[in-house]
Amino acid sequence: MPRYFTDEHEWIDVEGESATVGITDYAQEQLGDIVFVELPDVGAMLDKGGDAAVVESVKAASDVYAPITGEVTEGNSALEDEPALVNSSPEEEGWFFRMTIGDRDELEGLMDDKAYKAFVDNL
Amino acid sequence: MPPEKLPLDAWHRDQGARMVPFAGYEMPIQYTGEHGGIVAEHEWTRTNAGLFDVSHMGQLLLSGEGLDEAVEAVLPIDLSTLKLGRQRYSLLLDEEGGVLDDLMVSRWPGHLYLVVNGATKFDDIGHLREHLPDEITLNHLDDHALLALQGPKAVDALARHATGEYSLSDLTFMRFGKFSIAGHNATIARAGYTGEDGFEISIPADAAEEIATLLLSEPEVQPIGLGARDSLRLEAGLPLYGHDLSPDISPIEAGLIFGINKRRRTEGGFLGADRILREIAGGTAKTRVGLTLEGRMPAREGAEVYSGDTKVGTVTSGGFSPTLGVPIAMAYVDQAHAADGAELSCEVRKKRLPATVSPMPFVPHRYFRGS
């Protein structure tokens with residue numbers, strides 16, 4: 001299944017009509033110890049680039065943006081009890097939410113694995 | 001102006017520090033590696049010994065004829081009771097009684113030694129120079145670094161290197177002495193900003209790297225960044241200037257009446273005394289409290305505090321307590337809602353988080369006051 005990345009350090013896995021969203025290993029490293037994740041409600045309509053979730057580290061709160069437009073279908077309930085999953089397994093168990101794909105064309109503008117790696121290496 | 005570099009800048013980077021601009025300097029917010037990260041650094045300090053670089057802070061030396069009298073005209077301190085080798089918390093106030101800074105004052109032979117906050121030090125120097133007579137000399141010891149070694153094992157690690165006329169273990173909380181570390185002069189105070197036993201160590205800047213490396217070679221010691229410094233002081237209930245203290249806040253509102261020494265509470269005669277004495281007699285409308293929040297979502301600086309639907313205060317600093325595993329905060333609230341146990345709420349992103357007024361410190365202090 002293809003994985004895309006944004007320049008705001010979110011990843012998005014596309015499987016059929018559904019997408020799973022999380023933050024990258026680089027992002028969790030920058031944020032530090034995560035103590036709470038505020039996920040969007042199921043049914044919430046997200047706009048590409050708009051606020052989707054909030055990550056609270058010990059030090060600060062950071063916004064996570066919607067990589068594409070769509071409707072939230074599921075939140076990762078494991079993060080309620082164990083927000084540190086975002087630190088330990090950011091690109092697997094620490095996923096944030098699933099959503100519908102409102103406009104497939106929006107995927108075109110995202111980076112693939114190789115492009116994202118190059119992007120991070122230049123930061 | 002780009003941030004300046006402190007004497008240990010390269011040393012921090014060698015230890016894997018992530019550097020951020022703070023108080024006009026590039027400073028370590030946290031370190032990477034096995035023991036790095038804010039929570040790991042926090043817990044290390046509570047159980048072992050954390051080494052902090054606080055060289056951004058201002059170290060000032062005052063001397064001259066009539067020193068005590070001149071300083072008492074500015075600070076609400078009683079210098080007649082500050083003995084040689086003792087250190088005391090004090091406040092720099094403006095004419096209206098607002099807090100310009102909080103600081104430590106130590107009695108050296110023939111001198112008073114002040115440690116002030118980094119972000120305010122040049123304003124502090126200007127303020128002191130304006131209000132102290134010309135006979136008083138003010139030296140900014142900017143050729144000195146300041147390290148803090150904090151935690152229950154700090155004394156063991158430091159005692160292996162600090163030699164002096166008497167043993168390091170003879171120092172009790174808020175006392176200081178002259179020692180030698182690796183042949184360099186070191187003024188060591190038993191004090192700090194974490195709530196733990198520990199030391200603040202003033203050393204020549206050109207010896208900072210050697211001494212930091214020496215201390216770090218001890219098995220109890222890891223370097224600790226600003227992130228954990230903030231979470232540690234928050235748990236210890238210690239206010240942070242620029243957040244919990246400001247020119248808009250009086251020390252009486254802040255619950256820092258101990259910073260107005262007893263004789264001065266009746267005599268006055270310091271900057272801002274009119275308001276301070278009035279507030280000591282008549283009380284204040286709001287006061288600084290601790291809050292413990294339900295759940296895991298922290299309330300940060302600026303969050304509004306409610307009792308029912310009525311706004312009764314504002315959070316001035318808040319975060320997640322690694323020791324307690326819950327969010328904690330400091331807030332200024334109306335006196336009617338400031339009693340321990342009062343049930344309030346904090347508004348964060350349009351949600352109301354239940355919060356209970358809690359005694360501070362959140363985590364008990366473990367200062368060494370003598371065995």
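**View 1. Long-range contacts and overall form of chain B.** In this predicted model, residues 24 or more positions apart account for 65% of the contacts in chain B with a separation of 6 or more. Two residues are in contact if their C-beta atoms, placed from the backbone, lie within 7 Å. Buried residues make up 48% of the 371 residues; buried means that 20 or more other C-beta atoms lie within 10 Å of the residue's own. The radius of gyration of chain B, taken over C-alpha atoms, is 21 Å, which agrees with the value near 21 Å for a compact globule of 371 residues. The globule rule is 2.2 Å times the number of residues to the power 0.38.

**View 2. The side of chain B that touches chain A.** Chain B gives 14 residues to the contact and chain A gives eleven. On the chain B side, α2 (38-47), α7 (226-235) and β17 (310-321) each give two or more residues. Helices (H or I, at least four residues) and strands (E, at least two) are DSSP runs, numbered from the N terminus.

**View 3. An open sheet in chain A.** Three strands lie in the order β4-β6-β7 (chain A), with antiparallel pairing. Strands pair if DSSP finds at least two bridges between them. β4 (34-38) and β7 (61-65) of chain A are edge strands with a single partner each, so one side of each has no neighbour in the sheet.

**View 4. The β4-β6 pairing in chain A.** Four bridges join β4(A) to β6 (residues 51-57) of chain A. Phe36(A) has Glu56(A) in β6(A) as its bridge partner.

Residues are numbered from 1 along each chain as its sequence is written, and chains are lettered from A and ligands numbered from 1 in the order in which they are written. In this predicted model, local features need pLDDT of at least 70 and side-chain atom pairs count only at pLDDT 80 or more, while totals for chains, interfaces and linings use all residues.

Note on methods. Buried ≥ 20, exposed ≤ 12 C-beta atoms within 10 Å, placed from the backbone.
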